[in-house]
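These are my notebook entries on a structure I had not examined before. I set down what I looked up, topic by topic.

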Amino acid sequence: MISDVVIAGAGPNGLMLACELSLAGVRPIVLERLPESSAEPRANGLVGQVVRMLDRRGLYERLSGSKEPPQPAPAYMFGALPLDLSALEDNPLFLLPVPQVRITQVLAERAVELGVEIRRGHALADLDQDDEAVTVTVMGPDGSYRIRTRYLVGADGGQSVTRKRSGIDFPGVTRDDTVSRTVHAHPPAAWVDPATGALDVPGYGVIPSFMHHRNERGVFAFAPFPGREPLVTTLELGAPGDGDGPMTLDEMRASIRRVLGVDMPLGPPTGEGPHLLRRLTGGNTRLAERFRDRRVFLVGDAAHVHSAIGGPGLNLGLQDTVNLGWKLAAEILGHAPPRLLDTYETERRPVAERVVLHTQAQSALIAPGSEVTALRELFTELLGDRNTVRRIADLMAGADIRYDMGVRDAHPLVGRWAPDLVLRTETGTVRLAEPTRTARPLLLDLTEDASLGSALPARGDQIDVVTARPRGPEAPATAMLLRPDCYVAWASDSARPDAAELDGLHAAVRRWFGL
């Protein structure tokens, strides 16, 4: 028996892909080498477009604990420089400060609800593919076994066995001259501003919370997350790595003294663990030569690794999975148009290149040296311009993406992510985030006679149709055809689209949904 899809890795990316496939009617098998979900503290939240994407799958409320829709952040940072977003009319940068452990837990619960089989303690060991399937060798608790699957997706991290066994190169740059240290610890309570969380360090000055603070000796950050142990972080270039022994609070205190030039007492964490006490020496910036090898695909860190500065990792990886999921399901279910799967790499690899670009740029901006200090002064001037701020915010959020939909002189929305709208329908007022939770193609009809649904071709029942009127400001279009990943495949400004526009709608339906 041949399974449809095997996913290697039950981290956030593998689990999100499993959910996307299941929503489309395909039940994958997820292999995870760890017998239990890791409790090791890792990422501290989500940054960018993915926050709204999770809202459009009904997962934001579970993660945030709030029934309110996501709200953009009034400020952020770029290369340890403050980024004032409050003046942007359509601020694209959303934050969701939830630990990765919780993100993984919520996605695993959702995957199980959707009927996904997660095999923990089962590791991908090898693979071999032919024209019809991939033979996956799995090492389980009771020995090895094989699975024949139509497709294999590697969501198994930077050391991806899937990528290595597929022979996909992973070129890039390795640095061994940086040391990053992060601990859960408490600076003196008297130093912490109760209103802002900023640290007033005697002999040094005020350091804002949740911001990377750079000087010519290194970087320091203090993050007092509500309801969690505070995080203290340093980054040094050319500093001693203190060997391979366990990280200690004394080592962290010494690192802080080198960076800030003053002593900082640190008290141990008080809450339930596990607590972070981590040293990372060096780092990698690498991008897979290709994201696909015939029947094998890569997502997340298996396809790209880069600096964590700015927090783009899960934004990039989870968006990979939303892009791939519906396309892979369409191929398996037999209604994919030709070469649909090829668009996964052509769309997502350039996005990864952009993330590599801006994380490398940010890393350059936090390096030591008087010339970097001069660059930062100039960059600070540039960040006083609203257009510059908008461009960088779009870049970091992933809101500057415009996919090639193969249409000349297309509507400005085509290829872009569908904007958030509040709609008045016959059954009540809804946000666009609600009808997109099915992960199906969606035709949003705001035209005068609301008749576009009848213009869809045969088998058009595979496309959900919502007829509505916008609530509030005028909508940016009178009609939009959305792919399941919420990117606009066709749009119109006409109150009554003419024959040429309807031909464009039919062409988009054929191109993306094979109808």
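Entry 1: strand β10 and its partners.
I looked up V153 and found that its bridge partner in β19 is F297. The model I am reading is a predicted one. Strand β19 covers residues 296–298, and it pairs with β10 in the parallel sense over three bridges. I then traced V153 to another strand, where I7 stands opposite V153 in β10. The strand concerned is β1, residues 2–8, which pairs with β10 (residues 143–154) in the parallel sense over six bridges.

I next asked in which sense β9 and β10 run, parallel or antiparallel. They run antiparallel, and seven bridges join them, with β9 spanning residues 134–140. A hairpin through two residues connects β9 to β10. Within this pair, I noted that V136 has I147 in β10 as its bridge partner.

V136 also led me to β8, since L127 stands opposite V136 in β9. Strand β8 comprises residues 123–129 and pairs with β9 in the antiparallel sense over six bridges. These two strands form a hairpin as well, with four residues between them. I recorded as background that strands of a sheet pair through backbone hydrogen bonds, either parallel or antiparallel.

Entry 2: a four-stranded sheet and a helix across it.
I then looked up an open sheet of four strands, and I read its order as β24-β23-β26-β27, with mixed pairing. Which strands lie at its edges? They are β24 (464–467) and β27 (488–492), each of which pairs on one side only. Neighbouring strands of this sheet are turned by 10° against each other on average, direction ignored.

Inside the sheet I examined β23 (residues 442–445) and β26 (residues 479–482), which run antiparallel and are joined by four bridges. Here L444 stands opposite M480 in β26. I also found that helix α11, residues 499–513, lies across β23, β26 and β27, and that α11 runs at about 170° to β27.

Entry 3: the nonpolar cores.
I followed M480 further. Leaving aside neighbours within four places in sequence, M480 is in contact with L413, P419, L421, L442, L443, L444, V488, W490 and A491. The largest nonpolar core has 97 residues, and M480 is among those that touch the most other members, together with I7, L46, V153, L324, L328 and L481. I recognised I7 and V153 from the first entry, where I7 stands opposite V153. Which element gives this core its largest share? It is α7, which contributes 10 residues. I also noted a second, separate core of 18 residues, which includes V183, F220, I256 and M264.

Entry 4: helices α7 and α8.
The share held by α7 led me to look up its packing. Helix α7 (residues 313–333) packs with helix α8 (residues 342–365) at an angle of about 175°, and their axes are 10 Å apart. Because angles over 145 degrees count as roughly antiparallel, I entered α7 as roughly antiparallel to α8.

Which residues meet in this contact? From α7 I listed L316, Q319, D320, N323, L324 and K327, and from α8 T343, Y344, E347, R348, V351, A352 and V355. By class, the contact has six nonpolar, three polar and four charged residues. L324 thus belongs to two of my lists, being in the contact with α8 and among the members of the largest core that touch the most others.

Terms used: Residues are numbered from 1 along each chain as its sequence is written. This is a predicted model: local features need pLDDT of at least 70, side-chain atom pairs count only at pLDDT 80 or more; totals for chains, interfaces and linings use all residues. Side-chain values use heavy atoms; hydrogens and water are left out. Axes are lines fitted to C-alpha atoms, for helices over the stretch in contact, and angles run from 0 to 180 degrees between N-to-C directions. Angles under 35 degrees count as roughly parallel, over 145 as roughly antiparallel, 65 to 115 as roughly perpendicular and the rest as oblique. Contact means heavy atoms within 4.5 Å. Ala, Val, Leu, Ile, Met, Phe, Trp, Tyr, Cys and Pro count as nonpolar, Asp, Glu, Lys and Arg as charged, and the others, Gly among them, as polar. Two strands pair if DSSP finds at least two bridges between them. A nonpolar core is a set of buried Ala, Val, Leu, Ile, Met, Phe, Trp, Tyr and Cys residues joined through side-chain atoms within 4.5 Å. Buried means under 20% relative accessible area, exposed over 50%, partly exposed in between (1.4 Å probe, protein chains only).
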